[in-house]
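Me: Hi! Could you walk me through this one?
Reply: Happy to, here it comes.

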Amino acid sequence: MNPDPDTPPLLEARGLAFARNDEPIFGPIDFALRHGEVVLMEGDNGSGKTTLLKVLSGLVEPSAGAVLLNGEPLTLARLSHQVALLGHLLGLKGELSPLQNLRFAIGLGGLRAGITPNQALLSVGLEGFEEVPLRQLSAGQKKRVALARLLLVPAALWLLDEPYANLDREGIALVNRLLEVHARRGGAALITSHGAYAYTSGTPRRIPLKAVA
Ligand SMILES: Nc1ncnc2c1ncn2[C@@H]1O[C@H](COP(=O)(O)OP(=O)(O)OP(=O)(O)O)[C@@H](O)[C@H]1O
């Protein structure tokens, strides 16, 4: 998809920095993510990738700078329907089934037109696991439930922290398919990686994140 130069970027970070107890963690960093783009945020362990995603998704406040969504400042009201975060902690409830977890997510983040929770679970290879308590699923199966959640909510911006972790080859291919479809319909994704990344559709733009010495 060719971005329209007059359309503001889906996500923009301006002079974004984060410090913990006056210890700088990352930044200041500037970058923009346009509709239809998949971008890789690369950095060593501890360089601040997870922290950056938390700042971009509004979970923690930056120490300096601003985050803009479609050219406007990030607000909590816009966050839940415009941004989907897939973190190390998947944000799923172990005592609920995949279907119940997905319905819970839809209640918070809304439902994309044209897809149901059952269809999303089928798409990620979890047919037959709809009603099993999540705690009985493997790490990769839980990750697939979190991927199904991405399919269901209408958020245009996906922030994915190490999305390939715990997935087998077929699961890695699944993530790539989801990213391709998402980008084709005008969404965008920022993916973190410490190097062992597996995105295979073309050559994604890479943004290096260096730990602040
Ligand atoms: N809750 C916390 N309290 C204190 N320090 C923290 C906390 N979370 C992270 N840090 C520190 O902040 C820095 C950045 O951590 P972060 O998890 O963002 O890095 P990362 O690039 O995602 O690392 P990795 O590749 O290992 O996942 C590290 O030095 C880490 O020790």
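**Around the ligand**

Reply: Helix 1 (residues 49-56) supplies the largest share of the shell around the ligand, three residues. Helices here are DSSP runs (H or I, at least four residues) and strands too (E, at least two), numbered from the N terminus.

Me: Which residues come nearest the ligand?
Reply: Of the eleven around the ligand, those are Asn 45, Gly 46, Lys 49, Thr 50 and Thr 51. A residue is near if its C-beta atom, placed from the backbone, lies within 6 Å of the molecule.

Me: Good to know. What sort of model is this?
Reply: The model is predicted: local features need pLDDT of at least 70, side-chain atom pairs count only at pLDDT 80 or more, and totals for chains, interfaces and linings use all residues. Residues are numbered from 1 along each chain as its sequence is written.

Me: And what is the mean pLDDT?
Reply: For the protein the mean is 89, with 91% of residues at 70 or more; pLDDT is the predictor's confidence in each residue, from 0 to 100. The complex gets an ipTM of 0.95 and a pTM of 0.91 from the predictor.

Me: Switching to strands, how do strand 1 and strand 2 run?
Reply: Strand 1 (residues 11-20) and strand 2 (residues 23-33) run antiparallel, joined by seven bridges. Strands pair if DSSP finds at least two bridges between them. Leu 11 stands opposite Leu 33 of strand 2.

Me: What about the turn?
Reply: Two residues lie between the strands of this hairpin, and Asn 21 in the turn has a positive phi of about 50 degrees.
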